[in-house]
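Q: Could you take a close look at one part of this model with me, the protein surface that faces the DNA? I would also like to hear about what lies behind that surface.

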Amino acid sequence: METLIPKISTKKTNFFRSRKTRKFPLLPFKAKWQQNFDQQQAMETLITESTTTTQNPNLLSLLIDSFTKYKCDPTPSAYSFVIKTLTRNSQFDQIPLVLNRLEKVEKFDIPERFFINLIKLYGDGLNQIENAVDLFYRIPNFRCVPTVYSLNALLSVLCKSKQGLLMVNQVLLKSTEVMSIRLEESSFFIMITALCRIKKFGYAIELLHMMLAEYGYEPDYEMYSRIFMEVCERGDYDEVMGFLEEFRKVGFVLSGENYSDLIRVLVKNGKGKEGLDMLYRMKSDGMKPDVVCYTRVLEGVISSRDFEKAEELFDEMLVLGVEPNVYTFNVYINGLCKQNKIDEGFKMVEYMEKLDCKPDVVTYNTLIGAVCKVGEVKRGKEVLRMMGLKGIGGNVHTYRILIDGLIGKGELLEACGLFEEMSVKGFVPRSSSLDAMIARMCEQGLVGEALKVLNKIVERNVAPGEKTWEVLLCESKFDFNDATRNNFERLVGV
DNA sequence: CTAGGGTTAG
C-alpha cells in the first residue's frame with residue numbers, strides 16, 4: 001500500500017535522496033538554473049536599490065553592481081527596467097551610457113521592439129530627432145537586424161516636423177541601400193498620413209506617385225481617400241479639383257463621404273452649380289445623398305441665386321424621402337427671404353412646427369433680418385417676443401439685427417432699450433454696431449443716453465469704435481462722471 | 001457598426 005503512494009512526502013527527504021541516488025550529473029542544468037536564480041536575485045536587488053537610494057540614482061552603476069554581486073551577467077530585462085525607470089524619472093541624459101554598454105560590452109541580442117520604443121521616445125517625447133536617427137542607424141551594432149518596423153517608427157517621427165522631413169530622404173536612401181530594408185505599403189501610408197496632417201499635400205501626392213513608379217505598390221483607395229479628405233479640409237478649390245482629377249483617373253469611385261466633402265468645398269467657394277452637378281454624379285454612382293449633402297447643395301444654389309433649382313431640390317428631397325431638418329429649412333427659408341418671399345418664410349415655420357422640426361434662433365434671425373431689411377422692425381420685435389414665448393432666446397445676432405434695424409429707422413431710444421435688454425442677458429455687442437448708434441444719438445441731442453450706452457460698453461471692456469471717438473472729441477457737451485473716466489482711462493491704457 | 005456634418009448675420 002505504502003509503495004503505491006507517490007513520493008511526495010517532505011521536500012527535505014526527497015532532496016537529499018535524489019542527490020544521493022542520482023545516476024547522471026545534472027551540472028549544466030543546475031548551472032543554468034543557478035544562473036537564473038542569481039540573475040533573479042540581482043534583478044530584485046536592482047529594483048529595491050533603485051527605489052530606495054536617493055533621487056536620480058545612477059541606474060547603470062546599480063545594474064552593474066547588482067549583477068557583479070551575484071556573479072552573473074545582466075539580463076535584457078534588467079536593461080529594459082533601467083531604460084523604463086530612466087524614462088519615468090526623466091533621467092534622459094543617462095540613456096546614452098546605457099546604450100553604449102549594451103552596444104560595446106553586452107553580448108546578447110536585443111529585440112527590435114527595444115529600439116522602436118527608444119526611437120519614439122527620442123522623437124515624440126524628447127524632440128531629439130537626430131538622436132532618433134542615429135539610434136536607428138546604430139541598431140545593427142546591437143546584434144539586431146532592423147526591419148521595416150523600426151524604419152516605420154522613425155519615419156513617423158520624422159514626418160512630424162519640418163526638420164525631420166528634411167531627413168526623410170537621407171533615411172530612406174540609407175535604409176534601403178545600406179541597411180537593406182525594403183519600404184512597405186505601411187511605410188508609405190505612415191508618410192502620407194503624416195504629411196497630410198501637416199498639410200504638405202504636395203509631398204504626399206509625390207509619394208503616392210513614387211510608390212507606384214519606384215516600388216510597384218498600387219496605392220489603395222484608402223490612401224487616395226485620406227489625401228482627398230485632408231485636401232478638402234483645407235478647402236482650396238484648385239487643390240481639391242486637381243487631386244479629384246487624379247483620384248478619378250486611377251479609377252477609384254468616390255465614397256459618399258468624399259462627395260460630401262467635395263460638395264462642401266464647392267459650395268464654400270461659391271460653386272453652387274458644380275455642387276449640384278456633383279449631386280447628380282453621386283446619384284449616378286449609385287449613392288443616395290443624405291440630408292447634409294442636400295442641404296449643402298441647396299445652400300450652394302441659393303447663394304448662386306438659382307431659386308428654381310432650389311425649389312426643385314427641396315421637392316426632390318421630399319420625393320426621395322430625405323427628411324429635411326432645421327438646417328435644411330433654415331437654408332431654404334433664407335432662400336425665400338432672399339427673394340423677399342417673407343410670408344412664405346413664416347409659413348415654412350408653421351410647416352416645420354407641424355413636422356415637429358423645431359425652428360431655432362437661426363430660423364428666427366433669418367426672418368427677423370428679412371423683415372428689418374424691408375423696414376418692418378416692429379414685426380421683428382414681435383418675432384423676438386414670440387420666440388421668447390416658445391422658449392427660444394435671442395442671441396447676440398438677434399439683438400444686433402434688431403438694433404441695426406431700429407437705428408436705420410432713426411428710432412434710437414428704442415434701440416437703446418434693446419441694447420439695455422441684451423446687456424442684461426450678458427450679450428456684448430461689437431463696437432462697430434454701437435458706433436452708429438452713439439453717433440446718431442449725439443447728432444440728435446440724446447447726449448445723456450449716448451453716454452449711458454458708452455459707459456455700459458466700456459464697463460464691459462469693449463473699446464468704442466472710430467466714430468465714437470470722433471464724436472467724443474468734438475462733443476464738448478460730454479460731462480464725464482468719475483466712473484466713466486476711470487473706465488476710459490483703463491481701456492486706453494493711460 | 002448609425003456619429004456628425006450642414007444653416008442665419010454688413
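A: Here is a walk from the DNA inward to the buried residues.

Keep in mind that this is a predicted model. Let us begin with DNA strand B, which has 19 residues around it. The closest of these are K268, Y327, N330, H397 and R400. Of the strand's atoms that come within 4 Å of the protein, 37% belong to sugar and phosphate.

Three of those closest residues show how side chains meet various parts of the strand. K268 places a polar side-chain atom 2.4 Å from a phosphate oxygen of DNA strand B. N330 meets a base instead: an N or O atom of its side chain is 2.4 Å from a base oxygen. For R400, the partner is a sugar or linking oxygen, and an N or O atom of the R400 side chain lies 2.6 Å from it.

Now look at which helices build this surface. At least two residues each come from α14 (256–268), α16 (291–303), α18 (326–338), α20 (361–373) and α22 (396–408). Helix α16 gives the largest share, with 5 residues. Sorted by chemical type, the surface near DNA strand B holds 8 polar, 6 charged and 5 nonpolar residues.

Helix α14 is a good place to turn inward, as D261 is found there. Is D261 buried or exposed? D261 counts as buried because its relative accessibility is 12%, and the cut-off for buried is under 20%. Setting aside neighbours within four places in sequence, D261 is in contact with M229, C232 and R296.

From D261 we can step across to V231, which belongs to helix α12 (residues 221–234). These two residues are 30 apart along the chain, and 9.5 Å separates their C-alpha atoms. V231 has a relative accessibility of 1%, so V231 counts as buried too. Its contacts, again leaving out neighbours within four places in sequence, are with F201, D236, E239 and V240.

Finally, let us visit the nonpolar interior. The largest nonpolar core contains 151 residues. Those with the most contacts inside this core are F136, F188, I192, I227, F228 and M437. Take F188 as an example: beyond its neighbours within four places in sequence, F188 is in contact with L183, L207, M211, Y215, Y217 and M223.

To retrace the path in the viewer, start at K268 beside a phosphate oxygen of the strand, go on to D261 in helix α14, cross to V231 in α12, and finish at F188 in the largest nonpolar core.

How values were computed:
Residues are numbered from 1 along each chain as its sequence is written. Chains are lettered from A and ligands numbered from 1 in the order in which they are written. This is a predicted model: local features need pLDDT of at least 70, side-chain atom pairs count only at pLDDT 80 or more; totals for chains, interfaces and linings use all residues. Side-chain values use heavy atoms; hydrogens and water are left out. A residue is near a molecule or strand if one of its heavy atoms lies within 4 Å of it. A polar contact is a pair of N or O atoms within 3.5 Å; within protein, one must be able to donate a hydrogen and the other to accept it, and residues adjacent in sequence count only if both atoms are side-chain atoms. Helices (H or I, at least four residues) and strands (E, at least two) are DSSP runs, numbered from the N terminus. Ala, Val, Leu, Ile, Met, Phe, Trp, Tyr, Cys and Pro count as nonpolar, Asp, Glu, Lys and Arg as charged, and the others, Gly among them, as polar. A nonpolar core is a set of buried Ala, Val, Leu, Ile, Met, Phe, Trp, Tyr and Cys residues joined through side-chain atoms within 4.5 Å. Buried means under 20% relative accessible area, exposed over 50%, partly exposed in between (1.4 Å probe, protein chains only). Contact means heavy atoms within 4.5 Å.
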